Each structure stands twice: as structure tokens, then as C-alpha cells.
Amino acid sequence: MGKEPIHPIRKVRYLRPQREWKEIIAIYLYLAGMGGGSFIIGTLIDWLGVKLDPPFLPSVVLFGYSLNLSKVPILWGPIMVAIGAPFLILDLGIKWRFMYACLNPRTSWVARGFIILSIFIVLGLILFVKSVLPFKWLYPESFFWRIPEIIAFIFAFATAIYTGILLKATKSIPLWNTPLLPLLFLVSALSTGSMAIILSSLGTGLFSYHSGALKTLMVGEQILVVVEGIVLYLFLARRYKTTEQGKDSVRLLLFGEMRLIFWGGIVLLGFIFPIVLENIASFFPGNTTLIFVAGGLLLLGGFFLRVGVLHAGIKEQIPMHRLMELQYNGMIEKWKTLSEGRLKKENAQKIL
Amino acid sequence: MEEKVLVVDHQKCTGCRLCELVCSVFHTGASNPGRSRIKVVKWENEGFYLPMACNHCEQAYCVEVCPTKACHREPENNNRVTIDQNLCIGCRTCIIACPFGHPFFDVQERVTVKCDYCDGDPQCVRFCDVKAISFADADKTNLTKKREFALKFKELMSSAR
């Protein structure tokens, strides 16, 4: 089964899964999604007014000012996106020309993505720096800061959804050409983002005054994982029914070359292990190791989801390929009937 | 000016790949079929060879997805779809978007390249020995098919008499 192609005839030049966008793009999609998702969850926690006082954080003094690190564990999302964005540039043929894409925002989703990510990174980093700096003249609690916060919040959503739209916009790959893909990537971004916030808050003891907040966050994260599972099921089921290439992509993912990544990486690491481990961990309050392991696995699962979806994209068939397939199948049938006839003859001779 | 297109007659193609060679020599200066803008797809078990070049589609996905407008349509040049190599950033989105798998990533130039009708004088047409590829007026492309059908009809009618 392992090395067997899904369709013998499909092993021709134009019907293999796309190999143009590889792991570099998957890393970019993942970091952008996770960063955006964690910023959404972090900003929501901030807006809900949860008292944040991480006791394990070291006090950092810069130029005589002691920095306020209490919001660092919830607002680090833009840093992840800023780390992820260069991966998109790394994948370009001529790296420095990415400026051309920034200068033409109306042309395509790749160009719009540059703009969306740039705005989110800049605004997010400004808010992050604002939360760290102890200066009174910045009026960190003033209502004026709500405006950039709301804009950054919207752009965090846009970043998370955009990772799906980027793939959807290519159109000729049936697996990606569905509104369910941006939804799947958004839900995955929220689940991985909330898990990343849980991990960073556990590491810094962020919710030491609010143990209830952590519990609520974990319940929310588990619900998001379940919703992600449902969306993934719907996505695969709908894609299986669209065109033959959609079916091929799903089969490639579930039973073909990508089955290890799907069942091992996405299903086991991304869904089953985290939920089971988190439920086991709920019986041992105070023991955070299990949650750390579950979180790490869930984050890995989110990455494998992007890798799987990227690598299973098979292009739509052109009529000429269909003709060839019909001819090939006809030839196989002819060969089968011929060989069966010959076998029958041989058997008859043996009996005689 | 009348619009011309590349017309491929797969029944004439022998799969010699001369078109690939002349295309790469014309565009890159190197006789490297790997860098040519036309590819002969072969099904050896069928004895079927099909030279595939860009179709310059009416609704071209490559133009839609290009982030820098490097991939654009030129109505004055046979309505061709072409890639400006000075603008291409090499993101390969057009390669993924094209259902025919046409644009190619040139690993030496680090940009995506595609058929541009050799600025009005396609070399593949000029050098094809068996004339499997022709550069014909767009509205006359189905003339051969029409003639074939008429011939069949004529035979049918004469047998009926």
C-alpha cells in the first residue's frame, strides 16, 4: 500500500500534488495563524479585565526604568507573526522584490496579505511595547489606546483567516477552493493560539490570582479543539464529494503518502492526545507537566495541519488527462479480458 | 490586427522535442529543454504525444493571482498573457493557480517564465518538421475539425445514396 500510487495513471506529470509551496510556506501559515489567534485570545483576556500579576517573571531594568512585563505573556502574538512573515519572503525567487508586492495591494491576495500582516505586526508591536514601557506620559490605561487595540484585534482575525484565503485564492486546486478552509485555519489559529497563551501563562504564573480564568481558558480551548475537529471533518467530507481531484486529495491525505502526517500528526497529536492529556491533568491539580506536554503536542498538530493541507493539494484535471485516463482504463480492460481468455484456454488444456 | 493562437495537432506530433530545444535556445540562449516554455507530454504506452504551451486563457488565473502585475495581458500582442521578468518576484502562485500547469519556475533566473509567442514569431512553429504546431488565426482554429466532419458527412450521404 505504501508505495502504491492512488491511481496508476495519475502518476503522470500534471496530476501529482503541488510541490511549489513546501514547508517554508507551512511554517509561515502556522506562525501567522498561531500569532494572530494568540493575540485575539490575549486581547480578549485584557479587555475582560482579568488581574494579571505573574510572580515568576524577572524584573528587567532598562536605562534605569523597570519594565512592566505583566502583559507580555498575553500580547506576544505579533512577535510570532513577525518571525513568520520573513518565511514568506524566504520562499520567493528574488527575495528583495517582495517590495513590489507591497506596492500593488489591489492586485491579489498575496499582495493584500503583505498589507494585512504589515499592519497587524506594526500595530501589535506598538501595543506590545506600550504595555512594557512604564512611562506615565503614554497614559497606558486611557481610552485612546482602545482604538489601535480594536484595529489590531480586527487585523489579527484578518491574519488568521487570510492564511486560508491565500490558499483558496489559487482556485485550481479543489481541496483548497472552499470557504471551509479559511474557517478551518481560523479555528485552528484560535485553538493553537489559546493553547500557546495557556502555556505562556502557566510558565509565568500569570493567573495566580485568577485560577478560575485559567480553567475557563482551558475549557474554551478544548471546545475550540472539538469545533476544529468538526470543521476538519466537514472540510474533508465536502472536498471528497466535489471533484475527482478533491477526492484524490482527501484519499492522499487519509490513505496515501500523507497518511502518517494526517493520522499521526493531525489526528493523534493535534486532537486526541491533547484532549486526553488535559482531562487526565484535571485530576492532578498543580501538576503542570501534563498540560505542557499536551500543549506542545497541540501546537505540533496545528503545524502538521498546515503541512498536510499544503502537500495534499492536487490540481484540477484538464480534459486531455481525462481522455488519456479513459483510454488507459479501456486498454486495461481489454488486456484483462484477453489474459482471462488465455488463462481459460490454458486451464482447459490442463484439464484435457 | 487579427488574433493568432498556437494550434496543436496531436496526431501529427512525433514526440521529437525539437520545439522544446528551439524554445529554450530562443529564450535563454541555452539548449536546455528543461528551461523551455513548451513541454511535450508523452504517454508512451499509448503512443500519444501532446506539446503543451500556454493557452493564454480568456479568464487567466495566473493574471488574477499575480501579486505584482508581472503576469499581465497584452491586447496589442495577439492578446497574449505574458510575464514581465523584471517585475516577477518568483512567488510561484501562478504555477499553482494554472490548471494546465503551464508557467515554469526558471531556477537560474529565479523567476517564473511562460510562453510569449516569441514576440509574434513562435520558434516551435517555425522549426516543427511535421507541422504539428501552427500559429493560426483564432477564428479559424476549428477549420480542420469542420472539414473532417464535412468529409464524414459526405461519405455518409454518398453511402446512403
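In what order do the elements of chain A run from the N terminus on? I started my notebook with this, keeping in mind that the model is predicted, and I read the order as α-β-β-α-α-α-α-α-α-α-α-α-α. When I looked up the totals for the secondary structure of chain A, I found 11 helices and two strands.

**Chain A as a whole**

I next looked up burial, and noted that 41% of the 352 residues of chain A count as buried. I then turned to contacts in chain A between residues at least 6 apart in sequence, and wrote down that 79% of these join residues at least 24 apart.

**Helices H5 and H6 of chain A**

I looked at how two packed helices are described, which is by the angle between their axes and the distance between the axes. For helix H5 (residues 146–168) of chain A and helix H6 (residues 180–204) of chain A, I noted that the axes come within 7 Å and cross at roughly 150 degrees. Because angles over 145 degrees count as roughly antiparallel, I entered H5(A) and H6(A) as roughly antiparallel to each other. I also recorded the handedness, since H5(A) passes H6(A) in a right-handed crossing.

Which residues of H5(A) meet residues in H6(A)? On the H5(A) side I listed A:Ala160, A:Ile161, A:Thr163, A:Gly164, A:Ile165, A:Leu167 and A:Lys168, and these meet A:Leu181, A:Pro182, A:Leu184, A:Phe185, A:Leu186 and A:Ala189 in H6(A). Sorting the residues of this contact between H5(A) and H6(A) by character, I got 10 nonpolar, two polar and one charged.

**A:Gly265**

I then picked out one residue, A:Gly265, and found its place in helix H9 (residues 259–281) of chain A. Is A:Gly265 buried or exposed? I entered A:Gly265 as buried, because 20 other C-beta atoms lie within 10 Å, and 20 or more is what counts as buried. Leaving out residues up to four places away in sequence, I noted that A:Gly265 touches A:Gly270, A:Gly301, A:Phe304 and A:Gly308. I also looked up A:Pro134, which is 131 residues from A:Gly265 in sequence and 43 Å from A:Gly265 in space, C-alpha to C-alpha.

**The domains of chain B**

Finally I moved to chain B, which is divided into domain 1 (1–53 + 118–161) and domain 2 (56–114). Taken over C-alpha atoms, the centres of domain 1 of chain B and domain 2 of chain B are separated by 22 Å. I noted that the contact takes seven residues from domain 1 of chain B and eight residues from domain 2 of chain B. On the side of domain 1 of chain B that touches domain 2 of chain B, the residues divide into two nonpolar, one polar and four charged.

Conventions: Residues are numbered from 1 along each chain as its sequence is written. Chains are lettered from A and ligands numbered from 1 in the order in which they are written. This is a predicted model: local features need pLDDT of at least 70, side-chain atom pairs count only at pLDDT 80 or more; totals for chains, interfaces and linings use all residues. Axes are lines fitted to C-alpha atoms, for helices over the stretch in contact, and angles run from 0 to 180 degrees between N-to-C directions. Helices (H or I, at least four residues) and strands (E, at least two) are DSSP runs, numbered from the N terminus. Angles under 35 degrees count as roughly parallel, over 145 as roughly antiparallel, 65 to 115 as roughly perpendicular and the rest as oblique. A crossing is left-handed if the near helix is turned anticlockwise from the far one by less than a right angle, and right-handed if clockwise. Two residues are in contact if their C-beta atoms, placed from the backbone, lie within 7 Å. Ala, Val, Leu, Ile, Met, Phe, Trp, Tyr, Cys and Pro count as nonpolar, Asp, Glu, Lys and Arg as charged, and the others, Gly among them, as polar. Domain bounds come from an automatic or database domain assignment. A residue is buried if 20 or more other C-beta atoms lie within 10 Å of its own, exposed if 12 or fewer, and partly exposed in between; C-beta atoms are placed from the backbone.
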